[in-house]
Amino acid sequence: MRVARLALCRFLSSQLSRMHCPSASRQMSITVGLKNSSIFRSQGLIGGKWIGAHDGKTLQVNNPSTGDIIADVPFMGRRETNDAISSAYDAFNSWSKLAAAERSKYLRKWYDLIMSHKEELGQLITLEQGKPLKEALGEVSYGASFIEFFAEEAKRVYGDIIPATLADRRLFVLKQPVGVVGAITPWNFPLAMITRKVGPALACGCTVVVKPSELTPLTALAAAELALQAGIPQGVLNVVMGNAPDIGDSLLASPQVRKITFTGSTAVGKKLMAGAAGTVKRVSLELGGNAPCIVFDDADLDVAVKGALAAKFRNSGQTCVCANRVLVQEGIYEKFAEAFSKAVQNLQVGDGFTEGVVQGPLINEAAVQKGAKIILGGKRHSLGMTFYEPTVVTDVRSEMLLAREEVFGPVAPLLRFKTEEEAIHIANDTNAGLAAYIFTNNVQRTWRVSEALEYGLVGVNEGIISTEVAPFGGVKQSGLGREGSKYGMDEYLEVKYVCLGDMKRK
């Protein structure tokens with residue numbers, strides 16, 4: 001079994017590299033504390049009950065910093081997923097008919113509980129995903145913000161009145177919940193990617209079956225426990241994990257599941273899109289990116305370096321909106337490359353619980369082996385395990401593989417360009433279209449380039465642009481639909497037209 005082999009490799013690696021983890025005892029103490037907390041769960045959630053796999057199989061959840069086993073969780077498959085779907089389907093009738101204001105109260109309570117357990121959730125994210133604790137705590141606030149925002153939006157699902165073309169008719173539009181939603185989420189943001197989907201789904205009146213990554217299921221389970229504590233009824237939120245293909249196939253095959261929402265790789269997204277065709281499900285996809293970060297000659301150098309650093313090395317480069325290509329105009333190229341490289345050299349790599357660390361480990365060994373030929377860094381860090389040196393590669397050309405594929409790691413390739421037109425051409429010369437960044441002090445150029453870039457998100461003089469109040473999503477092969485903001489509600493609503501006839505009768 002692939003999962004068992006991966007766990008064995010991690011175990012062996014941990015024995016060889018334990019000497020490189022000075023905070024191992026502290027991590028052990030944190031692990032014990034979390035396991036004794038009121039939010040820690042290590043079973044699936046189906047119909048409001050915490051259960052294991054029907055056949056008793058389990059899956060190890062490992063700490064990417066040390067390789068240590070944090071917990072064993074159920075290795076679930078088709079049977080458990082079908083049970084979760086049935087539970088969500090049964091709960092939909094009552095949840096969807098609940099007044100929007102009541103659903104809003106449940107979500108608000110869930111938000112309050114998430115924030116009151118911010119420290120524990122942050123520690124859990126760092127423990128199973130590896131990102132620095134400060135960054136993990138930021139994810140908790142970011143993830144919670146979607147629950148808070150959509151708690152309010154629940155009360156703002158408005159219909160419409162249409163002027164009739166005939167005097168004896170009245171025309172109006174209703175918005176109603178889609179139904180049961182299958183939500184498949186990744187490991188890089190184990191809380192926020194769930195709340196960004198579940199928040200609007202529940203606000204609209206949908207019920208949900210969540211399939212978190214098998215690498216980081218504990219955060220999802222803790223969030224689900226808090227949802228139960230908030231009083232969200234049994235069956236409204238279900239969580240299954242384990243055999244990803246079997247779980248995905250079950251969600252796709254079931255006619256009771258009316259929508260699939262997925263964040264992850266483009267390859268998997270295409271398979272889900274094809275599979276959803278069999279039952280004509282609605283699909284939202286947030287897929288891979290190949291984000292350009294364009295630095296023009298007229299940019300403020302300090303602002304550009306700071307912004308590019310944030311856009312590239314957040315979460316050790318493991319986000320779909322990370323700057324995958326840094327395009328620098330020739331007039332500022334050398335200055336930027338020097339300043340940027342110095343800034344990268346100052347990034348402290350280490351265990352996420354260590355003070356001052358800004359770069360944690362990569363999620364697993366497979367991620368480390370995606371490295372490229374580079375100049376600065378470009379090798380496994382002396383800490384061992386899945387720690388990788390923050391890396392800068394200069395004089396990269398747009399036809400190189402490094403500039404054409406999503407790296408998903410702490411590697412920053414620098415490309416040189418001459419003109420604005422050339423920069424736009426290089427930036428758009430990809431199948432991806434999720435996020436892009438530009439740095440310039442020219443207001444007219446800001447508008448020209450933003451409009452010309454074939455991307456769903458554009459950051460201008462800023463490297464961190466995600467927020468719950470703005471729509472998040474891509475174009476081309478980076479996905480379908482939008483998450484967050486008022487537009488995120490539409491993904492979970494059906495529009496129904498009602499025509500009332502014979503309205504002149506007295």
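Which residues in α5 meet which residues in α6? The legends below begin with that contact and then move through other parts of this predicted model.

**Figure 1. Helices α5 and α6 meet in a right-handed crossing.** Here is the answer to the opening question. From α5 come K118, E119, L121, G122, Q123, I125 and T126, and they meet L133, A136, L137, E139, V140 and S141 of α6. Sorted by class, this contact holds 6 nonpolar, 4 polar and 3 charged residues. Helix α5 covers residues 118-129 and helix α6 covers residues 133-153. Their axes lie 8 Å apart, and the packing angle is about 120 degrees. The two helices are therefore oblique to each other, since an angle from 65 to 115 degrees would count as roughly perpendicular and one over 145 as roughly antiparallel.

**Figure 2. Helices α15 and α16 cross at roughly 30 degrees.** This view takes in residues 420-428, which form α15, and residues 443-452, which form α16. Their axes come within 10 Å. Angles under 35 degrees count as roughly parallel, and α15 and α16 are therefore described that way. Their crossing is right-handed. On the α15 side, the contact is made by E420, I424 and N428, while α16 brings R445, R448, V449 and A452. Those residues divide into 3 nonpolar, 1 polar and 3 charged.

**Figure 3. L98 sits in the loop between α3 and α4.** Look for L98 after α3 (78-97) and before α4 (100-116). Is this leucine buried, partly exposed or exposed? L98 has a relative accessibility of 29%, so it counts as partly exposed. Leaving aside residues up to four places away in sequence, L98 touches R103 and Y106. For a sense of scale, you can also find G33, which is 65 residues from L98 in sequence. In space, the C-alpha atoms of L98 and G33 are 38 Å apart.

**Figure 4. S316 has a positive phi although it is not a glycine.** The phi angle of S316 is about 55 degrees. This serine lies in the loop that runs between α11 (301-313) and β13 (323-329). The relative accessible area of S316 is 3%, and the residue is buried because the cut-off for that class is under 20%.

**Figure 5. N461 is another residue with a positive phi that is not a glycine.** For N461, phi is about 55 degrees. You will find this asparagine in the loop between β17 (457-460) and β18 (479-480). How accessible is N461? Its relative accessible area is 29%, and N461 is partly exposed.

**Figure 6. The whole protein chain contains 17 helices and 19 strands.** After the close-ups, this view gives the setting. The C-alpha atoms fill a box of roughly 80 × 55 × 40 Å along the principal axes. For 506 residues, a compact globule would have a radius of gyration near 23 Å, and the 24 Å of this chain agrees with that. Buried residues make up 57% of the chain. Among contacts with a separation of 6 or more, 73% are between residues 24 or more positions apart.

Definitions and conventions
Residues numbered from 1 in each chain as written. Predicted model: local features only at pLDDT ≥ 70, side-chain atom pairs only at ≥ 80, totals over all residues. Heavy atoms only, no water. Axes fitted to C-alpha atoms, helices over the stretch in contact; angles between N-to-C directions. Helix = DSSP H or I, 4+ residues; strand = E, 2+ residues; numbered from the N terminus. Left-handed = near helix turned anticlockwise from the far one by under 90°. Contact = heavy atoms within 4.5 Å. Nonpolar A, V, L, I, M, F, W, Y, C, P; charged D, E, K, R; others polar. Rg over C-alpha atoms; globule rule 2.2 N^0.38 Å. Buried < 20%, exposed > 50% of the residue type's maximum accessible area, 1.4 Å probe, protein only.
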